[in-house]
Amino acid sequence: MSSISNPLDLYKHLEQSNCRQCLLPSCMAFAVAVIQGQKQLRDCPQLAEETITLLSGGIVHKKLSNEQGEKELDTLRQQVVEKGLRDIASEHDLPVKENRVGVRCLGKEFWIDEQGMMSSECHINNWVYGPVLKYLVSNRTEDEAGVWIPFRDITGAKEWENFFSHRCEQEMCRLADTHNALFFELLELFEAKELQGTNSADRSLLLYPLPGIPF
């Protein structure tokens, strides 16, 4: 069995029914949790024993680096405390429920309390936690302009252009080429909407990673 270090490669072997019997909201979330060492293949009751045996020797666990990320999260949590949930909710026009402010990110609801702690029915990791907190403590100064611009033209993004191209654009191209049908199915799970007549691409989809930030 060849090594499996990418959640998409593991996802292909799952039932893909999103039955939630593993206590996660989707089979994709389960695949990510297995690769990160947070779940075992046997936590999926739909996997046959022979499949578990076949896959087990090939799983390559990848854990996220914590130390620097936790320091950054601590700083952002403190900024949430200082700014206050009511002001945050008012500025970003977000719902407040039981002393928590809600943020919809790629089709999932995430809730932040007065201490900057996050809760959700969805799997939580720092790739979501950090950007959501950063969004909440940033001042909202502009509404959508209705005009698409490249990443490099975003204020402050010039120095990140090469990183963005390498880690985002090129990786998405690779995934789309390698797992074409699955790639677009995953985008639909994240509430991507088909756009017509926007450019010469075969398909154009609109995502909202954060409220008021179309991609």
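The lining of the largest cavity in this predicted model comprises 8 nonpolar, 5 polar and 2 charged residues. The cavity holds about 90 Å³ of space. Of its 15 lining residues, C19, R20, C22, C27 and C44 are the closest to the centre. A search of the whole structure returned 1 cavity of 30 Å³ or more.

Cysteines feature among these central lining residues, including C19 and C22. Their sulfur atoms were therefore examined for pairing. A disulfide is a covalent bond between the sulfur atoms of two cysteines. The search of the whole structure found 0 disulfides. For C22, the closest cysteine sulfur belongs to C19. The separation is 6.3 Å, which is too far for a bond, because a disulfide requires the two sulfur atoms to lie within 2.5 Å. C22 is also buried, with a relative accessible area of 10%. A second case lies elsewhere in the sequence, at C168. The cysteine sulfur closest to that of C168 is in C173, at 9.2 Å. This distance, too, is too far for a bond.

Attention then turned to a buried arginine. R77 is located in helix 4, which spans residues 67-83. Its relative accessibility is 11%, so R77 counts as buried, the limit being under 20%. Two polar contacts of the R77 side chain were identified. One is with the side chain of E70, at 3.5 Å. Another is with the side chain of Y129, at 3.1 Å. Both partners reappear in the wider contact list of R77. Residues up to four places away in sequence set aside, R77 touches E70, Q115, G116, M117, Y129 and L133.

W148 occupies a loop. This loop runs between helix 6 (126-137) and helix 7 (161-178). The relative accessibility of W148 is 53%, so the residue counts as exposed, a class that begins over 50%. Exposed W148 nevertheless has contacts with residues distant in sequence, among them F215. W148 and F215 are 67 residues apart along the chain. Their C-alpha atoms are separated by 8.9 Å. With neighbours within four places in sequence left aside, the contacts of W148 are L195, L206, P214 and F215.

Taken together, R77 is buried at 11% relative accessibility, and W148 is exposed at 53%. C22 is likewise buried, and C22 is one of the residues closest to the centre of the largest cavity. No disulfide was found in the structure.

Notes:
Residues numbered from 1 in each chain as written. Predicted model: local features only at pLDDT ≥ 70, side-chain atom pairs only at ≥ 80, totals over all residues. Heavy atoms only, no water. Buried < 20%, exposed > 50% of the residue type's maximum accessible area, 1.4 Å probe, protein only. Helix = DSSP H or I, 4+ residues; strand = E, 2+ residues; numbered from the N terminus. Polar contact = N/O pair within 3.5 Å; in protein donor to acceptor, adjacent residues only side chain to side chain. Contact = heavy atoms within 4.5 Å. 1 Å grid on protein atoms, 1.4 Å probe; cavity = no way out; pocket = protein on both sides within 12 Å on 5 of 7 lines; lining within 4 Å. Points joined across faces, edges and corners; volume = space filled by probe spheres on them. Nonpolar A, V, L, I, M, F, W, Y, C, P; charged D, E, K, R; others polar.
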